[in-house]
Amino acid sequence: MAARDAGPIRLAASILDSNLANLAQAVRRCVRAGADRIHLDVMDGHFVPNLTFGPRTIRALRSVTDLPFDAHLMIANPARFVDEFVAAGCDSITIHVEIEEPVGPVLERIRAAGRLAGLAVKPRTPLAALEPYRHLLDVVMVMTVEPGFGGQQLMRAVAREKLPVAARYLAADSAEGAVHVDGGVNRETAELVGRLGAEVLVVGSALFQRSRAMAEEIARIKALAEQGRATARAAAPGSPKTVLVGAEGG
Ligand code: DX5
Ligand code: ZN
């Protein structure tokens, strides 16, 4: 069993549920509040029943911060648009494994452009669907809600089943490979996803829809996730500094 140093747990702020009339301000708020990355949910009204924004909006936001931009493309035809997301300044581009067009060539193009390539899996899609692409994956994004909308509840059974084994689908040559968990992460669920092995927490509505200070919310969610990770490490044999790749259970 290989061991991989996962580094500290990071938080990617999703601006999906921010005030869409002022996205630049939303990004600035996330930066000031201590987010580690910005998660950008792109929807086409076809792969998911909702519409958001595209590469031109992301390009416009690029000047607001140097924080990494993670594009989460919930679109049916990423091959047609991927170069635009690269040009817009996305640091990682994650597409869905369930789409009907071939995903391998798109992942290859993302990596050839020097960006991190990722695959997201919907709750009902088995992780094994990633198997043919594992040599290409810098991001494995485990969706714990049905994609399309913020503010849903995390599906705990999905988190328990997939998060502990998701890292085994990351490319061995990926310097920055990470398991992202997307959907329903908040104060109530952060400890669980940290315990199960999530490395990047995508957090949307918990940051924007509550009457709580965003900085406090980010610090709290990250601390709870780290607490969960520490609990899991204390219970597991082996080095406390590493996560066990391929470890079962959780
Ligand atoms: C849902 C998106 C998520 C969403 C997360 O389709 O992929 O990134 O913004 O929002 P919360 O944190 O509210 O579940
Ligand atoms: Zn997302």
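At 23% relative accessibility, Arg111 counts as partly exposed, and this residue is a convenient place to enter the structure, which is a predicted model. The side chain of Arg111 meets that of Asp138 in a salt bridge, with N and O 2.9 Å apart. The two partners sit in distant parts of the chain, since Arg111 belongs to helix α4 while Asp138 lies in the loop between β6 and β7 (139-143), 27 residues away. Unlike its partly exposed partner, Asp138 is buried, with a relative accessible area of 4%.

**Salt bridges**

Side chains of opposite charge can pair when their charged atoms come close. The structure holds twelve salt bridges, and the table lists some of them.

| Salt bridge | N to O distance |
|---|---|
| Arg111 and Asp138 | 2.9 Å |
| Arg62 and Asp91 | 3.0 Å |
| Glu217 and Arg212 | 3.4 Å |

The bridge between Arg62 and Asp91 ties together parts that are 29 residues apart in sequence, because Arg62 lies in the loop between α2 (55-61) and β4, whereas Asp91 lies in the loop between α3 and β5. Asp91 counts as partly exposed, at 31% relative accessibility. In the pair formed by Glu217 and Arg212, Glu217 is buried with a relative accessible area of 0%, while Arg212 is partly exposed with 33%. This pair also belongs to a wider arrangement, for Arg187, Arg212, Glu216 and Glu217 are linked in a network of salt bridges.

**Two helices with a buried side**

An α-helix has 3.6 residues a turn, so residues three or four places apart point the same way. With this in mind, consider helix α4 (residues 104-112), whose buried residues are Gly104, Val106, Leu107 and Ile110. These four cover an arc of only 165 degrees around the axis, which puts them on the same side of α4. What does this buried set pack against? The partners are α3 (78-87), β5 (92-96) and β6 (116-121). After α4 comes Gly114, whose phi is positive, near 80 degrees.

Helix α3 can be read in a similar manner, starting from its buried residues, which are Pro78, Val82, Phe85 and Val86. They cover an arc of only 95 degrees around the axis, and this places them on the same side of α3. The buried residues of α3 pack against β3, α2, β4, β5 and α4. Just after the helix, Gly89 takes a positive phi of about 100 degrees.

**Strand β4 and the nonpolar core**

One of the residues in strand β4 is Leu73, which is buried with a relative accessible area of 0%. Once residues up to four places away in sequence are set aside, Leu73 touches Val42, Pro78, Phe85, Ile93, Thr94, Ile95 and His96. Pro78 and Phe85 in that list are among the buried residues of α3. By contrast, the C-alpha atoms of Leu73 and Arg233, 160 residues apart along the chain, are separated by 33 Å.

In soluble globular proteins, nonpolar side chains tend to be buried together. Here the largest nonpolar core has 74 residues, and those that touch the most other members are Ile15, Ile58, Ile93, Leu130, Val140, Leu163 and Leu201. Leu130, when its neighbours within four places in sequence are left aside, is in contact with Val97, Leu119, Val121, Leu137, Val140 and Tyr169. There is also a second, separate core of five residues, which includes Ala120, Val139, Met141 and Met143.

**The zinc site**

Which residues coordinate the zinc ion (ligand 2)? They are His39 through NE2, Asp41 through OD, His72 through ND1 and Asp182 through OD, at 2.0 to 2.3 Å. The site of this ion is octahedral, with angles of 72 to 171 degrees among its six donor atoms. Along the sequence, the donor residues follow the spacing H-x1-D-x30-H-x109-D. Two of them, Asp41 in strand β3 (residues 37-43) and His72 in strand β4 (residues 69-74), are 31 residues apart in sequence, so this pair ties together separate parts of the chain. Both lie below the 20% cut-off under which a residue is called buried: Asp41 is buried at 6% relative accessibility, and His72 is buried with a relative accessible area of 0%.

Notes. Residues are numbered from 1 along each chain as its sequence is written. Chains are lettered from A and ligands numbered from 1 in the order in which they are written. This is a predicted model: local features need pLDDT of at least 70, side-chain atom pairs count only at pLDDT 80 or more; totals for chains, interfaces and linings use all residues. Side-chain values use heavy atoms; hydrogens and water are left out. Donors are N, O and S atoms within 2.8 Å of the metal (3.2 Å for Na, K and Ca); water is not among the atoms, so sites may look incomplete. Four donors count as tetrahedral if all angles lie between 85 and 135 degrees; four count as square planar and six as octahedral if opposite donors are over 155 degrees apart and all others between 65 and 115; anything else is irregular. Helices (H or I, at least four residues) and strands (E, at least two) are DSSP runs, numbered from the N terminus. Buried means under 20% relative accessible area, exposed over 50%, partly exposed in between (1.4 Å probe, protein chains only). The arc is that of the directions from the helix axis to the C-beta atoms. Contact means heavy atoms within 4.5 Å. A salt bridge is a side-chain nitrogen of Lys or Arg within 4 Å of a carboxyl oxygen of Asp or Glu. A nonpolar core is a set of buried Ala, Val, Leu, Ile, Met, Phe, Trp, Tyr and Cys residues joined through side-chain atoms within 4.5 Å.
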